[in-house]
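Me: I'm new to reading protein structures. Could you walk me through one, feature by feature?

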Amino acid sequence: MPSNLRFMNPSAIAKPGGYSHVVEATGPGRIVYIAGQLGLKPDGNIAGDFRAQATQAFENLKAALASVGATFNDVVKLNNYLVDISANLGHYREVRDKYVNVKEPPASTTVAVPALARPDALYEVEAVVILAK
């Protein structure tokens, strides 16, 4: 974890589960924005059910991170879009926790959406990354 990052949950805000309310970056560094990743396999086909799609989306995010020399420890913000959030929020959290730093989780927003860019897509994730150099 870069020393120029501070993860905070102010005492005036209810403590969140699985994410940080505030991530502060100071000093020199690079900011990388990663576009939304669906659960698309390398062959362009969508992975199966919600859990398979979320896992594939995080694997795609992992590959995008690696392309700039980053890991999930460098992620400071996740935006998540779930179709049928009531049925899939628990599955999303299980998958997410296998990838992110659960001791200092990134700031996060999770939104229910009626549909995504592909009609068979059930989940999408995008990220903001801070790198020291």
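Me: Leaving aside its neighbours within four places in sequence, which residues is Val 68 in contact with?

Reply: Before we look, keep in mind that this is a predicted model. Contact here means heavy atoms within 4.5 Å. Once the neighbours within four places are set aside, Val 68 touches Arg 30, Val 32 and Leu 131. Take Leu 131: it sits 63 residues from Val 68 in sequence, yet the two C-alpha atoms are 9.1 Å apart in space.

Me: Where does Val 68 lie, and is it buried or exposed?

Reply: You'll find Val 68 in the loop between α1 and β4. For burial, we look at relative accessible area: under 20% is buried, over 50% is exposed, and partly exposed is in between. Val 68 has 25%, so it is partly exposed.

Me: Okay, let's zoom out. What pattern does the chain follow along the sequence?

Reply: Read from one end to the other, it goes β-β-β-α-β-α-β-β. That comes to 2 helices and 6 strands.

Me: What does the radius of gyration tell me about the chain?

Reply: The idea is to compare it with what a compact globule would have. For 133 residues that would be near 14 Å, and the chain has 15 Å, which agrees. If you prefer a box, the C-alpha atoms fill one of roughly 40 × 35 × 20 Å along the principal axes.

Me: How many of the contacts link residues 24 or more positions apart?

Reply: Count the contacts with a separation of 6 or more, and 73% of them are between residues 24 or more positions apart. Burial can be given for the whole chain too: buried residues make up 41% of the 133.

Me: And what should I look for on the inside?

Reply: In soluble globular proteins, nonpolar side chains tend to be buried together. Here the largest nonpolar core has 23 residues, and Phe 58, Leu 61 and Tyr 123 touch the most other members. At least two residues of this core come from each of β3 (30-38), α1 (50-67), β4 (75-83), α2 (85-96) and β6 (123-131). The most comes from α1, with 7 residues. Apart from this core lies another, of 6 residues, including Ile 46, Val 113, Leu 116 and Ala 121.

Me: Which residues is Leu 61 in contact with, leaving aside neighbours within four places?

Reply: Leu 61 contacts Ile 34, Gln 37, Phe 72, Leu 78, Val 125 and Ala 127.

Me: Let's try a strand residue. What is Thr 109 in contact with, neighbours within four places aside?

Reply: Start with its place: Thr 109 belongs to strand β5 (residues 107-113). Its contacts are Lys 77, Leu 78, Asn 79 and Asn 80. Thr 109 also has Tyr 19 at 8.8 Å, C-alpha to C-alpha, although they are 90 residues apart in sequence. As its relative accessibility is 35%, Thr 109 counts as partly exposed.

Me: One more, about backbone angles. What is phi of Asp 84 near?

Reply: Phi is one of the angles you can read off the backbone. For Asp 84 it is near 60°, a positive value in a residue other than glycine. Asp 84 is in the loop between β4 and α2, and with 43% relative accessibility it counts as partly exposed.

Me: Last thing: how many positive and negative side chains does the chain have?

Reply: There are 13 positive and 12 negative ones, and the centres of the two sets lie 6 Å apart. As for the surface, the accessible area is about 7,100 Å², with 55% belonging to carbon and sulfur atoms.

Definitions and conventions: Residues are numbered from 1 along each chain as its sequence is written. This is a predicted model: local features need pLDDT of at least 70, side-chain atom pairs count only at pLDDT 80 or more; totals for chains, interfaces and linings use all residues. Side-chain values use heavy atoms; hydrogens and water are left out. Helices (H or I, at least four residues) and strands (E, at least two) are DSSP runs, numbered from the N terminus. The radius of gyration is taken over C-alpha atoms; the globule rule is 2.2 Å times the number of residues to the power 0.38. Buried means under 20% relative accessible area, exposed over 50%, partly exposed in between (1.4 Å probe, protein chains only). Accessible areas come from the Shrake-Rupley method with a 1.4 Å probe; for residues, only the protein chains shown count as cover. Lys and Arg count as positive and Asp and Glu as negative; His and the chain ends are not counted. The place of a charge is taken as NZ of Lys, CZ of Arg, CG of Asp or CD of Glu. A nonpolar core is a set of buried Ala, Val, Leu, Ile, Met, Phe, Trp, Tyr and Cys residues joined through side-chain atoms within 4.5 Å.
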